[in-house]
Amino acid sequence: MGYLNPHTHQLDTPPRPSVVVLCGSTRFREYFHRANRDLTLAGKIVLAPGVFGHADGLQPTDEQKTALDALHLRKIDLADEVMVICPGGYIGDSTRGEIEYAHGVGKRIVYVNGQDW
């Protein structure tokens with residue numbers, strides 16, 4: 001959405017903030033919350049998992065897990081950058097697949113171990 005510049009009488013559109021998608025094991029929910037907060041305060045748009053099955057003790061069905069995995073890949077498509085949250089260097093199979101996908105579509109990937117929070 002733009003606004004009318006009173007000096008030029010032109011519609012000015014501010015630059016779009018960068019979009020970061022968070023990836024990693026959902027057992028690290030607190031790290032996701034901290035990263036989301038810090039990145040949002042830094043002016044970035046943050047995309048993250050909406051379900052933290054491991055941390056919440058949820059057991060999604062196989063169908064739900066497949067749908068959630070596909071949804072997260074679409075979030076990667078929307079993002080400018082992928083932030084992999086990997087405390088202690090832990091990267092599980094799902095996260096490894098997301099990293100491979102992000103690399104394949106040319107996304108910038110950064111890794112954080114969570115000790116920054």
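Is His 72 buried or exposed? Keep that in mind while we take in the whole model, which is a predicted one.

**The overall view**

Start with everything shown as a cartoon. You should find four helices and six strands, and following the chain from the N terminus gives the order β-β-β-α-β-α-α-β-α-β. The C-alpha trace spans about 55 × 30 × 25 Å along its principal axes. Of the 117 residues, 34% count as buried. If you draw contacts between residues at least 6 apart in sequence, 73% of them join residues at least 24 apart.

Now switch on the surface. Its accessible area comes to about 7500 Å², with 55% belonging to carbon and sulfur atoms. Colour by charge, and you have 12 positive and 14 negative side chains to look at; the centres of the two sets lie 3 Å apart.

**Stop one: His 72**

Hide the surface and select His 72, in helix α3 (residues 62-78). Here is the reply to the opening question: His 72 is buried, because its relative accessible area is 7%, and the cut-off for buried is under 20%. Follow the side chain of His 72 to the backbone oxygen of Leu 22, which it reaches at 3.1 Å. Then show what surrounds His 72: beyond its neighbours within four places in sequence, its contacts are Val 21, Leu 22, Cys 23, Ala 48, Pro 49 and Glu 98.

**Stop two: Thr 26**

Pro 49 is also a contact of Thr 26, so select that residue next. Thr 26 sits in the loop between β3 (19-24) and α1 (29-41), and its relative accessibility of 16% makes it count as buried. Setting aside residues up to four places away in sequence, Thr 26 also touches Val 51, Phe 52, Gly 53, His 54 and Ala 55.

**Stop three: the aromatic rings**

Show the rings now; the whole structure holds three aromatic pairs. One of them joins Phe 28 and Tyr 31 edge-to-face, at 5.9 Å centre to centre and 75° between the planes. Phe 28 counts as buried at 14% relative accessibility, whereas Tyr 31, at 25%, counts as partly exposed.

Move on to Phe 32 and Phe 52, another edge-to-face pair, with 5.3 Å centre to centre and 70° between the planes. This pair links distant parts of the chain, 20 residues apart: Phe 32 is in helix α1, and Phe 52 is in the loop between β4 (45-47) and α2 (53-56). Both Phe 32 and Phe 52 are buried.

To finish, add Tyr 90 to your selection: ring pairs link Phe 28, Tyr 31 and Tyr 90 into a cluster.

Technical notes
Residues are numbered from 1 along each chain as its sequence is written. This is a predicted model: local features need pLDDT of at least 70, side-chain atom pairs count only at pLDDT 80 or more; totals for chains, interfaces and linings use all residues. Side-chain values use heavy atoms; hydrogens and water are left out. Helices (H or I, at least four residues) and strands (E, at least two) are DSSP runs, numbered from the N terminus. Buried means under 20% relative accessible area, exposed over 50%, partly exposed in between (1.4 Å probe, protein chains only). Contact means heavy atoms within 4.5 Å. Accessible areas come from the Shrake-Rupley method with a 1.4 Å probe; for residues, only the protein chains shown count as cover. Lys and Arg count as positive and Asp and Glu as negative; His and the chain ends are not counted. The place of a charge is taken as NZ of Lys, CZ of Arg, CG of Asp or CD of Glu. A polar contact is a pair of N or O atoms within 3.5 Å; within protein, one must be able to donate a hydrogen and the other to accept it, and residues adjacent in sequence count only if both atoms are side-chain atoms. Rings of Phe, Tyr and Trp (its six-membered ring) pair if their centres lie within 6.5 Å; planes under 30 degrees apart count as stacked, over 60 as edge-to-face and the rest as tilted.
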